[in-house]
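Here's a quick run of questions and answers to go with the structure you're about to see. Have the viewer open as you read.

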Amino acid sequence: MGTTRRTTLVTASATALLAAVTGCGAGTDTSDSGEVVVTCATCQESPTDPFLQYNYEAAQRFNQKFAGDYRIETIENANAGSSDDRLQYYQRLALADDLPDLFQLNSGEIKAMERTGRLHDFAPSLEADGDWAASFYDQAFDALTGPDGQVWAIPQQRDAIGIYYNKELLEAAGFEQFPTTWDEFEDLAVTLKGQGKFAVALDGDWATKLMWANLIGTQPGGAEFLGDSIADLEDWGDDPAVVRATERLRNWHLQGYVNADAFSGDFQNAAAPFLTEEAATVPNGPWFVKTNLTTDAAPGLYEKTGYAPAPGWADGGQGTVVVSGAGWVSGTTDERELEAVDAFVRFMSSQDEVLAQAEATGANPPVRVDAAATDAADLEPLATGLIEQAADLEYAYPHARVHGPAGLDTSWKNLWPAYVKGDLDTDEFLQRLTADSASSAQ
Amino acid sequence: MSVFTRHRPPASAPAPVPEPAGARGADGPVGGRPDGSGPARRRIAARRARPVPGTRIPLGMRGPVAVSLLPGLVLFGTFFLVPFLVLTATAFARWSGLDFAWSGLDNYRQMLADPVFFKALVNTLFYAAASVFVQVPLGVAVGMVLALRPRGWKTLRTIIFVPFVISGAAYALVFSMFYNPRAGLLNNVLGGLGLPGRDWLFDTATARWAVAGTFVFIIGFVVVLVMAEVASIPREVYEAASVDGASTWQQLTRITLPLLRNVIGTAILIRLLVDIGMFDLVFILTAGGPDDATATLALYAYRAYLNGEWGFANAVGSVIIVIGLVLIVTVRRVFRIGERAL
């Protein structure tokens, strides 16, 4: 074999190999039977996460319904649940142009992922189908949109996040009903402290910031801060509502109304005192019922648990956090795969599926559902009760995470313990919290 | 018979005959002046410059040898050289993964202007000092005692070594429960003794000490190193010392300890290199808080990475590398690692 022929053969082989390799990542992914296959990174089975487990079961139902046309293929993903690493994981995949066809992100993560330019925009699909778009509650897309009207995600839920309370502990402290003002709440806290109990169980992160949002949001102008000016990254200490809320929350720690281990950032540090009935209240979303309240960890506690909106600074000034939570996003650009993605998100926002999800997880539907169907579905009464009550409350506001910068969680966990223990004053705490949280938004 | 040889089985091979001081270099007997300097050293250098007969690769074998080296070179290049070059280059750039712009020394200027960087540096050095001045000496002391083979020494050695094989993450979770101010063992014991408890991990006054307390007692690796080294010391040395009337304490401090110089230096070096990159323990216990009281350089770099400041994170990484190099050179010199003790 001559040198020229050898060279030609090697070049041709290399070219064929390269073409085969590059071909792996391009074009529509189809099965042997011609189904369009889309990958889902948050549809895996999970014995501990009811949302993932519901997604898995819903994906199986989708596969049955659309057999022959579309099929969801589950990717086992260690970063499927909420974690600090999840955003980085998807950012790396975005840089490699290798995002899954379907996955879920929360509003803060969507804001960060927007910059990669790799997320699919659902706005044209919603515009093309007015009935589908109108089926969602108002503001359901608020935290999921881009600056030019893009819709980066289809919401999976819309929840009111309130405060769980132990009715027996409250009755023992002389309270037949959950307090309706923060002053009453502190009266309750004093009594409970005298009985060796904590008024509220917090964790230094999610639950603590929920209470912070409640204290801010139930003041005039508080909702505007949480929904808007928190994103401006000006010194949050300039806002008197934020200062009052921050100082009041710190005072609860100093007065011993809060569990002593409320700084780790691990929600289990908040759940444990409530489940062991050392703490009378804990703030969290409807999923707390499935993940903690009805588990073997707390037999009989569900029956004596109530769920209430946050007290107010004045009579009649109660409020609650309302969030749309995680949404379905897509990283594919292939036309046929996008058809499958479109079919999937419509399937997931159908009445049957949102009710199935509500039954499985306690999360409330992001779309309007027939009252008769809701009644028939026998949904979790604690969760549905609060979302219905939320419509009549004086205040409704987002969690600080929704519009706050992505660095808020890290900065809060770092600075909050030092502030509570007196190493920082309120001005310095809020100024540094703003600056440190903002560093991720530069 | 010395206490150090009493329980030891007889050596299967005779102990090597010590050679006069300075008569051996790193490559074996070389002759020349006892201090190894002068014309003899020049002759050694000249001898080393000539290829050793039989070590040249025959002409026809160079291709296969090169091919056999290729996998190693590819792995080295992929997993060390390329990342190292990327780190070095991007330390001088604003890089978020999406945007890239050369920025000269800006990352280093930003680092030096940031008080959190200095907190992280001080904390990292604090953890390193805890290893050097507590963990290694404790390990050496326990290793020397266990080398005496007291009753139950094998069980003790196993118990001491077990924490070393537990993952840092699991260890951190155990200690986060141990330090828990509401239900943790430490506060419960203190309460039982009538002493006040506190939030050890989230109080700026105690957080750094509490983190150091989780790893300074993981001495299994040092103990095993020391025991192995003590076992290799020729028993004749102790027998000669016994004949000369040296007490056990004198044998311990005048013979064993100096002969452990190499292994102590190695243990310190390994610990220092672990400590300057310390991440998982701190990340799980405190995430660097409160108010950066426990943050390390590695955690500081990780936060920058989370914030999308990849170039800045790599600049911090380059500082960690430089500190590591300085420590390697310093410890090798101070402990004369590699030079024979006998």
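What follows is a short Q&A on this predicted model, covering the chain contact and some aromatic pairs.

Q: How many residues does chain A bring to the contact with chain B?
A: Chain B puts in 23 residues. On the other side, chain A's residues divide into ten nonpolar, nine polar and nine charged. The number from chain A is 28.

Q: Which three residues supply 24% of the area that chain A buries against chain B?
A: The area buried between chain A and chain B is about 2,100 Å², and carbon and sulfur atoms give 51% of that. No other three residues of chain A supply more than this trio. They are A:Gln88, A:Leu95 and A:Asn414.

Q: Which residue does B:Arg182 meet in a salt bridge?
A: The rule finds six salt bridges across the interface of chain A and chain B. In this one, the N to O distance is 2.8 Å. The partner is A:Glu278.

Q: Is the pair of A:Phe66 and A:Phe347 stacked or edge-to-face?
A: Both A:Phe66 and A:Phe347 are buried, and they sit 281 residues apart in the chain. Their centres are 6.5 Å apart, with 85° between the planes. Over 60 degrees is the cut-off that matters here, so the pair is edge-to-face.

Q: Why is the pair of A:Phe178 and A:Phe185 tilted?
A: A:Phe178 is buried at 7% relative accessible area, and A:Phe185 is buried at 1%. Their ring centres lie 6.2 Å apart. The pair counts as tilted because the planes are at 50°.

Definitions and conventions
Residues numbered from 1 in each chain as written. Chains lettered and ligands numbered in written order. Predicted model: local features only at pLDDT ≥ 70, side-chain atom pairs only at ≥ 80, totals over all residues. Heavy atoms only, no water. Contact = heavy atoms within 4.5 Å. Buried area = accessible area lost by both parts, 1.4 Å probe. Salt bridge = Lys/Arg side-chain N within 4 Å of Asp/Glu carboxyl O. Nonpolar A, V, L, I, M, F, W, Y, C, P; charged D, E, K, R; others polar. Phe/Tyr/Trp six-rings, centres within 6.5 Å; stacked < 30°, edge-to-face > 60°. Helix = DSSP H or I, 4+ residues; strand = E, 2+ residues; numbered from the N terminus. Buried < 20%, exposed > 50% of the residue type's maximum accessible area, 1.4 Å probe, protein only.
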